[in-house]
Amino acid sequence: MPNDTTLFLGQFMRSPGTIGALAPSSRRLAETVCTPVPERGEPTVVELGPGTGPFTAEIQRRLNGRGHHLAVELNPKLATLLADRFPRVDVAQDDAARLPDLLRERNLVRADVVVSGLPWAAFPEELQRQLLGAVTSILCPSGAFTTFSYVHAMPLASARRFRTLLGERFEEVVLGRTVWRNTPPAFVLHARRPR
């Protein structure tokens, strides 16, 4: 069986617009992106674009058997890998635009946190708006959304547009620290309280 980097690269070559990266995220990036996952209670955590699971592993570590972890992966091969690797995670091989339906099908009212590994800068404006609308529609009023972007993509028009959309959709958006020990380096975006 190929290692995660080889598998990820192969899936990227087949579908660069939906995979958006050449390699899985590092453990350090996963730790930084997943900081909003609550340490207490029974939270509902939704993960978008988990890929081979670096964020999934960190979310599971933080939850430690609590709450509900729904991971939404569009790529069938990666969804199967994820379900095999993390049997306690509710893996949906589906489109993130269907988030309201996916929660409703599971009798979940709202998500406390949405962690995203989606390649937002690779998406056209209409798709950015559609997906971000799905995210804000399922978050509780005090909910948190966290994602990342590669440093080299910061000046791209699509990346700037996404940051503007975050400001329109959330009361608070904080640019987190840059994780240099990731390939490529990435910075983290934390957004809270959907409008």
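The protein chain contains eight helices and seven strands, as seen in a predicted model. Of its 195 residues, 51% count as buried. The accessible surface of the protein chain amounts to about 9,400 Å², and carbon and sulfur atoms account for 52% of this area. Contacts were also examined by separation along the sequence. Among those between residues at least 6 apart, 68% join residues that are at least 24 apart.

The seven strands form an open sheet with mixed pairing. Strands of a sheet pair through backbone hydrogen bonds, and this pairing may be parallel or antiparallel. Across the sheet, the order of the strands is β3-β2-β1-β4-β5-β7-β6. Its edges are formed by β3 (90–92) and β6 (170–179), each of which pairs on one side only. On average, and with direction ignored, neighbouring strands of this sheet are turned by 15 degrees against each other.

The edge strand β6 can be described together with its partner, β7. Strands β6 and β7 (residues 186–194) run antiparallel and are joined by seven bridges. A hairpin of six residues provides the connection from β6 to β7. Individual positions illustrate the pairing: V173 has A191 in β7 as its bridge partner, while F170 stands opposite P194, also a residue of β7. Helix α8 lies across both of these strands and across β5 (139–150). The angle between α8 and β7 is about 25 degrees.

Attention now turns to the charged side chains. Side chains of opposite charge can pair when their charged atoms come close. In this model, the count of salt bridges comes to 13. One of these salt bridges is formed by the side chains of R27 and E31, with an N to O distance of 2.6 Å. Both residues belong to helix α3 (residues 27–33). Because R27 and E31 are four residues apart in this helix, about one helical turn separates them. The two partners can also be described by their accessibility. R27 has a relative accessibility of 55% and therefore counts as exposed, since that class begins over 50%. E31, at 27%, counts as partly exposed.

A salt bridge of another kind of placement involves R129 and E168, whose closest N and O atoms are 3.8 Å apart. This pair links distant parts of the chain, with R129 in helix α7 (residues 125–138) and E168 in helix α8 (residues 157–169). The two residues are 39 residues apart. R129 counts as partly exposed at 34% relative accessibility, and E168 is likewise partly exposed, with a relative accessible area of 42%.

Salt bridges that share partners also produce a network, which joins D90, D94, R98, D101, R104, E105 and R106. Within this group, the side chains of R98 and E105 meet in a salt bridge with an N to O distance of 3.2 Å. R98 has a relative accessibility of 29% and counts as partly exposed.

Helix α8 thus appears in both parts of this description: the helix lies across β5, β6 and β7, and it contains E168, the salt-bridge partner of R129 in α7.

Notes:
Residues numbered from 1 in each chain as written. Predicted model: local features only at pLDDT ≥ 70, side-chain atom pairs only at ≥ 80, totals over all residues. Heavy atoms only, no water. Buried < 20%, exposed > 50% of the residue type's maximum accessible area, 1.4 Å probe, protein only. Contact = heavy atoms within 4.5 Å. Areas by Shrake-Rupley, 256 points an atom, 1.4 Å probe, with all protein chains shown as cover. Salt bridge = Lys/Arg side-chain N within 4 Å of Asp/Glu carboxyl O. Pairing = 2+ DSSP bridges. Axes fitted to C-alpha atoms, helices over the stretch in contact; angles between N-to-C directions.
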